[in-house]
Amino acid sequence: MEKVRRVESMADKRIGIIGLGRMGSAMARRLGDHGLHVTGWTRSGLPPDQAAAMGIESAPDLASLCQSSDIIILALLDDVAVHAVLDGLAGTAVHGKLIVDTSTVSPQTLRSRAAEFERSGAALLDAPISGGPDMLLAGKVGLYIGGREEDYRRFLPVAEALSDRIHHVGGLGDGASAKLVNNMMLMGLWQSMKEALQLGGKAGLSRDKMIAILSGSPAASPAMKARLPVVLGETSAVGFPVSGVVKDARVVRDLAGALGVAIPAIAASLASFEATMEAGFGEADLATMVRLAAETN
């Protein structure tokens, strides 16, 4: 009941979403379904008919989106895109706005802009999302939130409309760190599965028999089970692309390098995904990396 009241209390709040790709558009639909007023803007332009199809309004520019929004959510590709949008927002009337970045980027990205936006009277949160568009539409993603307690509380009703796994992990940038740590475990999973199937294949085991064993073993995980149809070549559906894993793994690599932490497992995983992307499968589902490895035995 408390959660319902919180979402209802946000019904008169205005949400702006910058970036309406796979994740941003799913977020827009989810929040719109919860009765929130949502306005969208993209750097490439958002035709009103596309906005209407998502159940949101289209802003002609950043200044208009900022004016019509209380909470501004970023759903962008990388650090460069986030900085570019923040540069644009810095030139608008952001006083009193809460800017929430859900992108998977470096922890330093928002930290480096915090003082600038605080002087303008705006607050920043990082809240990267764990999970794909389907999970987001179902409200089943994870949210790792970094920022001040009062800003977290302000965003919480919106977060509860998006997620059933909300973690306030610390200060600004800590949400990004938590998301990268989470992604590292998944990157390691796919690399381990690739190596296991390669070794088993060389030892004379069939791919299907190995997958039958692994999927019923303690090593199985929901992520692995959900992508078995991709590994088996039964579907070409894309939950998250290889190119996205490469981008995220490079962010992990750069952070680890800056902090002096050795990450050999992630280095191996990055090399595997980069090779898959270079082979022309950049926009295929990430589990294609494992499928290709299994097929070469």
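In the predicted model, D285 and R227 are both buried, and their side chains meet in a salt bridge with an N to O distance of 2.8 Å. D285 belongs to the loop between α15 (264-281) and α16 (288-295), whereas R227 belongs to the loop between α12 (222-226) and α13 (228-231), so the pair ties together parts that are 58 residues apart in sequence. Both partners of this salt bridge also appear in the surroundings of G239, a residue found in the loop between α13 and α14 (242-259). When neighbours within four places in sequence are left aside, G239 is in contact with R22, P133, R227 and D285. G239 itself counts as partly exposed, at 29% relative accessibility, and its C-alpha atom lies 9.2 Å from that of A287, a residue 48 positions away in sequence.

The pair formed by D285 and R227 belongs to a wider set, since a search of the whole structure finds 14 salt bridges. Side chains of opposite charge can pair when their charged atoms come close. A salt bridge with an N to O distance of 2.9 Å joins the side chains of R111 and D174. R111 lies in helix α6 (residues 107-111) and D174 in helix α10 (residues 174-202), so this pair ties together parts that are 63 residues apart in sequence. Both residues are partly exposed, R111 at 32% relative accessibility and D174 with a relative accessible area of 28%.

Within a single helix, E149 forms a salt bridge with R153, and the closest N and O atoms of this pair are 2.8 Å apart. The two residues are four positions apart in helix α9 (residues 149-162), which means that about one helical turn separates E149 from R153. E149 counts as partly exposed at 39% relative accessibility, and R153 is likewise partly exposed, with a relative accessible area of 45%. In addition to these pairs, D87, R113 and E116 are linked in a network of salt bridges.

Regarding charge over the whole molecule, the protein chain has 29 positive and 32 negative side chains, and the centres of these two sets lie 4 Å apart. The accessible surface of the protein chain amounts to about 13400 Å², of which carbon and sulfur atoms supply 56%.

The overall architecture comprises 16 helices and nine strands. For 297 residues, a compact globule would have a radius of gyration near 19 Å, and the value of 20 Å found for the protein chain agrees with this expectation. Taken along the principal axes, the C-alpha atoms fill a box of roughly 65 × 40 × 40 Å. Of the 297 residues, 49% count as buried, and among contacts with a separation of 6 or more, residues 24 or more positions apart account for 68%.

A residue of one of the strands illustrates such a buried environment: T39, found in strand β2 (residues 37-41), is buried, with a relative accessible area of 4%. Leaving aside neighbours within four places in sequence, T39 is in contact with I15, G16 and I17, with E57, S58 and A59, and with L65, S68 and S69. The buried state of T39 may be set beside that of D285 and R227, which are likewise buried, and beside G239, which is partly exposed.

Key: Residues are numbered from 1 along each chain as its sequence is written. This is a predicted model: local features need pLDDT of at least 70, side-chain atom pairs count only at pLDDT 80 or more; totals for chains, interfaces and linings use all residues. Side-chain values use heavy atoms; hydrogens and water are left out. A salt bridge is a side-chain nitrogen of Lys or Arg within 4 Å of a carboxyl oxygen of Asp or Glu. Buried means under 20% relative accessible area, exposed over 50%, partly exposed in between (1.4 Å probe, protein chains only). The radius of gyration is taken over C-alpha atoms; the globule rule is 2.2 Å times the number of residues to the power 0.38. Contact means heavy atoms within 4.5 Å. Accessible areas come from the Shrake-Rupley method with a 1.4 Å probe; for residues, only the protein chains shown count as cover. Lys and Arg count as positive and Asp and Glu as negative; His and the chain ends are not counted. The place of a charge is taken as NZ of Lys, CZ of Arg, CG of Asp or CD of Glu.
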